[in-house]
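Student: Could we go through this structure together? I'd like to hear the reasoning behind each label.

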Amino acid sequence: MEQSKIDKEKDLDQKIYSVSGLNHYVKSLLERENEIQDVWVRGEISNFKHHNGRHMYFVLKDDTSEINSVMFSSKNRDLDFEPEEGMEVLCRGDIGLYIPRGQYQLVVKEMMVGGIGELYLAYEKLKEKLSEEGLFGDEYKKKIPFLPQKVGIVTSGEGAALRDMLRVLRERFENIDIFLVPTQVQGEGSAEKIVDSIQKLDSMEIDVIIIGRGGGSIEDLWSFNEEQVARAIFKAETPIVSAVGHETDFLISDFVADARAPTPTAAAELVVPIKTELKQKIMDQERRSRTALYNLIANYRDKLKSLVDSPVFEKPERILEDRYQKLDENIERLGITLDRYMEAYTRELNGQKDRLKALSPIQTMKRGYSIVMDEKDEVITSVEEVNIEDILKINLTDGEIKAKAEEVERCQKNLRK
Amino acid sequence: MPEEFEEIEDVKKLGFEEALERLEKINKKLERNKVPLERAIELYQHGIELIEYCEEKLEEAEGKIKKITEENEEINWEK
């Protein structure tokens, strides 16, 4: 008794969900689980309902189990078949929960009829594998020659595809050479036959190969989705155009080939240019060349004429006149330059003269100093150089006095020191 | 001229498309009207050579249809 009370109290601490709250929570758990999002499920349709062409509700089941499924109108409008009771299908979808009923369900995004679905998956798988290997890389794409002379064709020996291709090739370029390898393109062993035919043509000197066939069911076109065909296309040294089925059919051969054409007819158009257009183009170029050359010559003729008509030829002395004028102009300019130089020199010279004047002893003598020299005109700078009775010459600014030394006395203070 | 055009010795080494492109280049150059006369005539002559070559190329294929059978023999076959 005691024990269960404790349990109850413990329980009361825990969160209590409402029903819808719980359903919301479980829904979020399911949606978070990557393993069950975007899954492929195979099963048989039962209990199929499609009211007013809107959402589709059904059950997917196998021998022992079933799952509620829905495909909303936004997705089911792209279906190319009408699902029906008992149909074996392959569905891609997300696992979710329908909250009002607490029911888990598959929300279908894509649906295919059983066998076709398997083929589709195989196609996707191979496409991814070859793509990762780089077989679709642009760097491996060979250029389709602009003007092939030999076109190889791998297709069924009879049928509209071949007829259409031959007709179009002929219409566009009547003298093209065509090498046809009639090949079984559908059914058991057709992939090997296509590979053989590609190799055969590749070993011949052929400019471009078209492989293809007319429209058909996905099973009919299937050999062009086979790995060995893809590898043979990739290995071939001759450029290959893949043209399988209709515009909406994309086969592995389309991705690995050097070019894809939406239909065999389009392949023929892609491979061979229209001869008459090319001829026209060449003729246009020829006309252009001729016109251009004529214009050029006419142009030179005009130039020559305008030269002959020019004043130079009429009055050749004009040339000399011009030259003289130019010479005169230069001489004048030279003169102006020289004058400027002379002015500058004169100014400089006068400046120097003034500075020199300031240094001359004459200025000092004007203030009362004089220069004493002996008879030999040597300047006397000390009493030691003079004896009594010596004749001295005293120079003043305006003349010279001759004097006789009567007495020589040494200064107490030596001024020189 | 920024891109000087050079004639090549043997036009037969060119593809059809290339030859046509060269022809166009020559024409553009001639149309610009700045080519010395002697050079213009040289270019024109080269152009004629290219035209003849292109025309030849168009007629080169024989227009045969050959069916290559399992036994690797070629059968001429006209539809």
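Tutor: Sure. Let's start with a small motif: β12(A) and β13(A) make a hairpin, with two residues between them. Keep in mind that this is a predicted model.

Student: What makes β12(A) and β13(A) a pair of strands?

Tutor: The cut-off is at least two bridges found by DSSP. β12(A) and β13(A) are joined by six bridges and run antiparallel, so they count as paired. One bridge partner of Lys393(A) is Lys402(A), in β13(A).

Student: And how do you know that β11(A) and β12(A) pair?

Tutor: Same kind of test: three bridges link β11(A) to β12(A), residues 391–396 of chain A, in the antiparallel sense, and the cut-off is at least two. Within this pairing, Val372(A) stands opposite Ile394(A), and Met373(A) has Lys393(A) as its bridge partner in β12(A).

Student: Why are β11 and β13 of chain A called edge strands?

Tutor: The open sheet has three strands in the order β11-β12-β13 of chain A, with antiparallel pairing. β11 (371–373) and β13 (399–404) each pair on one side only, which is what puts them at the edges. From one strand to the next, the twist averages 25°.

Student: What makes Gln105(A) a buried residue?

Tutor: Gln105(A) has 20 other C-beta atoms within 10 Å. Buried takes 20 or more, so Gln105(A) qualifies. Gln105(A) lies in strand β5 of chain A, residues 103–113. Leaving aside neighbours within four places in sequence, its contacts are Ile67(A), Asn68(A), Ser69(A), Val70(A), Gly96(A) and Tyr98(A).

Student: Why is Asp38(A) called exposed, and why is Asn47(A) called partly exposed?

Tutor: Asp38(A) has 12 C-beta neighbours inside 10 Å, so it counts as exposed, given that exposed means 12 or fewer. Asn47(A) has 13, so it counts as partly exposed.

Student: What is the backbone doing at Asp38(A) and Asn47(A)?

Tutor: Asp38(A) has a positive phi of about 55° although it is not a glycine. Phi of Asn47(A) is near 55°, again positive in a residue other than glycine. As for where they sit, Asp38(A) is in the loop between α2 (19–32) and β1 (39–50) of chain A, while Asn47(A) is in strand β1 of chain A.

Student: How do you know that α13(A) has the length a helix should have?

Tutor: α13(A) covers residues 317–359, and at 1.5 Å a residue its 43 residues should span 63 Å. The end C-alpha atoms are 64 Å apart, which agrees.

Student: And why is α13(A) described as hardly covered?

Tutor: Count the buried residues among its 43: the result is zero. For chain A as a whole, 23% of its 417 residues count as buried.

Student: Which residues stand out in the largest nonpolar core?

Tutor: That core has 47 residues, and Val151(A), Ile198(A), Ile209(A), Ile210(A), Ile233(A) and Val241(A) touch the most other members. Helix α6 of chain A, residues 190–203, supplies the largest share of this core, five residues. Take Ile210(A): beyond its neighbours within four places in sequence, its contacts include Val151(A), Met165(A), Val241(A) and Ala267(A). Apart from that core lies another, of 18 residues, among them Leu278(A), Ala19(B), Leu50(B) and Cys54(B).

Student: How many residues does each chain bring to the contact between chains A and B?

Tutor: Chain B brings 32 residues and chain A brings 29. On the chain B side, α1 (16–31), α2 (37–60) and β1 (65–68) each supply at least two residues. The largest share there, 11 residues, comes from α2(B). The chain B side divides into 15 nonpolar, five polar and 12 charged residues.

Student: What makes β7 of chain A and β1(B) a strand pair?

Tutor: Three bridges join β7 of chain A, residues 177–182, to β1(B), and at least two are needed. The two strands run parallel, and Lys67(B) in β1(B) is the bridge partner of Leu180(A).

Definitions and conventions:
Residues are numbered from 1 along each chain as its sequence is written. Chains are lettered from A and ligands numbered from 1 in the order in which they are written. This is a predicted model: local features need pLDDT of at least 70, side-chain atom pairs count only at pLDDT 80 or more; totals for chains, interfaces and linings use all residues. Two residues are in contact if their C-beta atoms, placed from the backbone, lie within 7 Å. Helices (H or I, at least four residues) and strands (E, at least two) are DSSP runs, numbered from the N terminus. Ala, Val, Leu, Ile, Met, Phe, Trp, Tyr, Cys and Pro count as nonpolar, Asp, Glu, Lys and Arg as charged, and the others, Gly among them, as polar. A nonpolar core is a set of buried Ala, Val, Leu, Ile, Met, Phe, Trp, Tyr and Cys residues joined through C-beta atoms within 7 Å. The expected span of a helix is 1.5 Å times one less than its number of residues. Axes are lines fitted to C-alpha atoms, for helices over the stretch in contact, and angles run from 0 to 180 degrees between N-to-C directions.
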